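Subject: Structure handover

Hello,

Here is the structure for you to look through. Please open it next to this email and follow along.

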Amino acid sequence: MQDTIQILSETDAIVARQRGREIARQLGFSVVDQTRIAISISELARNIILYAGSGVVEVTAMHGEHGDVGIEVLAADKGPGIADLNLALLDGFSTSNGLGMGLPGTKRLMDEFRIDTAPGAGTRITIRKWLHNRSY
């Protein structure tokens, strides 16, 4: 399962959030984790709209070598990039008069979090959540 959503407006952010929640549900994630994934997608999509104007969100179901199941979300744009990534990941930091909880909150909600960005080169954020239902 994979879905790619062009992000141009708040409506597109809602569609991306709904598709992510639906794929998470189909993979067997709990309602709590479906909500975590949906919130994370919403934060990333809203950042695309706010800082880059447009971009894309790709939601992909993952099946690992050892039977692991997960969901990967890529949020990418060709906007101005993030000048100071360390600052952007601090709770309460915002360049848009927001609460500054989007990126650090998303990082806390997901199992894996990666940002590739540079000033003038856009931003690519990859997040993953794993379904932890097997015994170790």
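A salt bridge is a side-chain nitrogen of Lys or Arg within 4 Å of a carboxyl oxygen of Asp or Glu. Keep that cut-off in mind for the pairs below. One caution before we start: this is a predicted model.

**Salt bridges**

By this rule the model has ten salt bridges. Take R108 and D91. Their side chains meet in a salt bridge, with 3.1 Å from N to O. R108 sits in helix α4, residues 102-109, while D91 sits in the loop between α3 (85-88) and α4, so the pair ties together parts that are 17 residues apart in sequence. R108 is exposed, at 51% relative accessible area. D91 is partly exposed, at 46%.

Next, find R19. Which residue does R19 form a salt bridge with? The partner is D3, and the closest N and O atoms are 2.4 Å apart. R19 belongs to helix α1 and D3 to strand β1, so this pair ties together parts that are 16 residues apart in sequence. R19 is partly exposed, with a relative accessible area of 28%.

Now look at K129 and D33. They form a salt bridge too, with the closest N and O atoms 4.0 Å apart. This pair links distant parts of the chain: K129 is in strand β5, D33 is in helix α2, and their positions lie 96 residues apart in sequence. Are K129 and D33 buried or exposed? Both are buried. Each therefore has under 20% relative accessible area. K129 and D33 also belong to a network of salt bridges, linked with R36 and D111.

**The nonpolar core**

In soluble globular proteins, nonpolar side chains tend to be buried together. Here, the largest nonpolar core has 29 residues. Which of them touch the most other members? They are V57, I71 and L103. Seek out the elements that build this core. Each of these supplies at least two residues: β1 (2-7), α1 (10-27), α2 (31-52), β2 (55-63), β3 (69-77), β4 (112-117) and β5 (123-131).

I71 is a good place to zoom in. Leaving out residues up to four places away in sequence, I71 touches G20, I23, A24, L27, F29 and I37, among others. V59, T60 and M62 are also on its contact list. So are I127, R128 and K129. You met K129 above, in the salt bridge with D33.

**Strands β4 and β5**

How many bridges join β4 to β5? There are six, and the two strands run antiparallel. Within this pairing, E112 stands opposite R128 in β5. The hairpin of β4 and β5 has five residues between the strands. There, G120 takes a positive phi near 85°.

**The largest pocket**

The largest pocket has a volume of about 690 Å³. It is lined by 32 residues, and the closest to its centre are N47, L50, Y51, S96 and L103. L103 is also one of the core residues named earlier. The elements that give two or more residues to the lining are α2, β3, α3, α4 and β5. Of these, α2 gives the most, with nine residues.

**Helix α4 and the loop at I82**

Which residues of α4 are buried? They are G102, L103, P104, G105 and T106. These buried residues pack against α2, α3, β4 and β5.

I82 is in the loop between β3 and α3. Beyond four places in sequence, I82 touches A88, L103, T117, P119 and T123. K107 is another matter: the C-alpha atoms of I82 and K107 are separated by 16 Å, and the two residues are 25 apart along the chain.

**Two last stops**

I14 is found in helix α1. At 35% relative accessibility, I14 counts as partly exposed. The C-alpha atoms of I14 and S42 are separated by 7.0 Å, though these residues are 28 apart along the chain.

M1 lies in the segment before β1. M1 counts as partly exposed, at 47% relative accessibility. Setting aside neighbours within four places in sequence, M1 is in contact with I23, Q26, L27, V59, T60 and A61.

Best wishes

Note on methods. Residues numbered from 1 in each chain as written. Predicted model: local features only at pLDDT ≥ 70, side-chain atom pairs only at ≥ 80, totals over all residues. Heavy atoms only, no water. Core = buried A, V, L, I, M, F, W, Y, C linked by side-chain atoms within 4.5 Å. Buried < 20%, exposed > 50% of the residue type's maximum accessible area, 1.4 Å probe, protein only. Helix = DSSP H or I, 4+ residues; strand = E, 2+ residues; numbered from the N terminus. Contact = heavy atoms within 4.5 Å. Pairing = 2+ DSSP bridges. 1 Å grid on protein atoms, 1.4 Å probe; cavity = no way out; pocket = protein on both sides within 12 Å on 5 of 7 lines; lining within 4 Å. Points joined across faces, edges and corners; volume = space filled by probe spheres on them.
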